Amino acid sequence: MFAAERRQLILEMVRANGAVSLRELARVVQTSEVTVRRDVRALEAEGLLDRRHGGAVLPGGFTRESGFPQKSHLSTAEKTAIADLAAGLVGEGEAVVVGAGTTTQELARRLARVPGLTVVTNSLLVAQALAHANRVEVVMTGGTLRGSNYALVGSGAEQSLQGLRVSRAFLSGSGLTAERGLSTSNMLSASVDRALVQAAAEVVVLADHTKLGADTMFQTVPTELITRLVTDEPPVHDERAATELQALADQGVEITVAGPEPEPAGGGEGLGQARQSRRDMPLPGQRRTQPGGGAAGLGPPLRGPAVLAEGPGERARVADLRRR
């Protein structure tokens, strides 16, 4: 493929999706990330797109929201790894809220195996993923259907969440920065996500590395209310994503990073299979207080309807993520 053809395809992908990672662009045009980075730099010089931490976005400073068909084909491996780790935070008998998004949809597929779980959601995709889980109770919000992401939004959705209290909210979004926190491109979606946050004792954000440093129009969750971020390992060259992670950790956000687990020396069972390891960045200090509850991450998880109990047993020990 000639350079002009590559750049035209890159431009079409960015226009269709709003934001695309260098890794995804390289896969589609079948070349190296170094070559794609050079193409993106040339397109930026022409004012046709903007470079962002490990990717490219529409010009103008704010990324726009992609539709579900485009989102579902982006960063699929990263979303799977994030969902695997996030599911490990949920114990038997808990009550959680799960927002709309393709990453939260992946999480819902894994939550189907948690017995006694109650999931409150405004996402038709999340509800569909749990529809045949016999031991999981699904509670849908009211609201108006927003077809681009199959989510219920509006005053009906927000009112149905009033008076609700659960252990955790799992949310995704279009962008995440240490300065503004989680954000999205749609006002109605942002308003419902804020209502989901108010219903939870802890807030867990699921965002792959392409979202780090991206800023969109409507703030969903300010940084001080985010308990934990579950993300994937940024590429080695993506220093700005790593810097953003450190800035989030410095503000008290617990960072859990999904990365490939080293294979055992000398081969053995499981050799060559992709496995995920969990690595946490150390917290510099105490978490702040969540609205309507105790300190985030310190209180016991809330259970299903009318049941309060202590959380599941001690979580597996994890290694600290060392700064490169």
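This briefing describes selected strands, helices and individual residues of the structure shown above. The model is predicted. An open sheet of three strands has the order S10-S11-S13 and antiparallel pairing, while strand S9 pairs in the parallel sense with strand S4 and with strand S12. Two residues other than glycine, Gln-30 and Tyr-150, take positive phi values.

**The antiparallel sheet and helix H9**

- Strands S10 (175–177) and S13 (218–221) form the edges of the three-stranded open sheet, each pairing on one side only.
- On average, neighbouring strands of this sheet are turned by 35° against each other, direction ignored.
- Three bridges in the antiparallel sense join strand S11 (residues 181–184) to S13.
- Within the two strands, Thr-184 is placed opposite Phe-218 of S13.
- Helix H9 (residues 187–198) packs on the sheet and touches both S11 and S13; the direction of H9 makes about 20° with that of S13.

**Strand S9 and its parallel partners**

- Strand S9 spans residues 166–171 and is mostly covered, with six of its six residues buried.
- S9 pairs with strand S4 (residues 95–98) over three bridges in the parallel sense.
- Val-96 has Arg-168 of S9 as its bridge partner.
- The pairing of S9 with strand S12 (residues 200–206) is also parallel and runs over five bridges.
- Here Val-166 stands opposite Ala-200, a residue of S12.

**Buried positions in S14 and H5**

- Thr-231 is a residue of strand S14, which covers residues 228–232.
- Thr-231 counts as buried because its relative accessibility is 0%, against a cut-off of under 20% for burial.
- Leaving aside residues up to four places away in sequence, Thr-231 touches Ile-82, Ala-207, Asp-208, His-209, Leu-212, Leu-245, Thr-256, Val-257 and Ala-258.
- Ala-81 is located in helix H5 (residues 76–87).
- With a relative accessibility of 6%, Ala-81 is likewise classed as buried.
- Ala-81 and Thr-103 are 22 residues apart along the chain, and their C-alpha atoms are separated by 9.8 Å.

**Helix H2 and Gln-30**

- The buried residues of helix H2 (residues 22–29) include Leu-22, Glu-24, Leu-25, Ala-26 and Val-29.
- Gln-30 comes just after H2 and has a positive phi of about 60°.
- This residue belongs to the loop between H2 and helix H3 (33–45).
- Gln-30 is exposed because its relative accessible area of 74% lies in the range over 50%.

**Tyr-150 and the nonpolar surface patch**

- Tyr-150 is found in the loop between strand S7 (144–146) and strand S8 (151–153).
- Its phi is near 55°, a positive value in a residue other than glycine.
- Tyr-150 counts as partly exposed, since its relative accessibility is 35% and this class lies between under 20% and over 50%.
- Together with Leu-124, Met-140 and Leu-145, Tyr-150 forms a nonpolar patch on the surface.
- The accessible area of these four residues together is about 330 Å².

Terms used:
Residues are numbered from 1 along each chain as its sequence is written. This is a predicted model: local features need pLDDT of at least 70, side-chain atom pairs count only at pLDDT 80 or more; totals for chains, interfaces and linings use all residues. Side-chain values use heavy atoms; hydrogens and water are left out. Two strands pair if DSSP finds at least two bridges between them. Helices (H or I, at least four residues) and strands (E, at least two) are DSSP runs, numbered from the N terminus. Axes are lines fitted to C-alpha atoms, for helices over the stretch in contact, and angles run from 0 to 180 degrees between N-to-C directions. Contact means heavy atoms within 4.5 Å. Patches are made of residues with over 30% relative accessible area and no salt bridge: like charges are joined within 9 Å, nonpolar side chains (Val, Leu, Ile, Met, Phe, Trp, Tyr) within 5 Å. Accessible areas come from the Shrake-Rupley method with a 1.4 Å probe; for residues, only the protein chains shown count as cover. A salt bridge is a side-chain nitrogen of Lys or Arg within 4 Å of a carboxyl oxygen of Asp or Glu. Buried means under 20% relative accessible area, exposed over 50%, partly exposed in between (1.4 Å probe, protein chains only).
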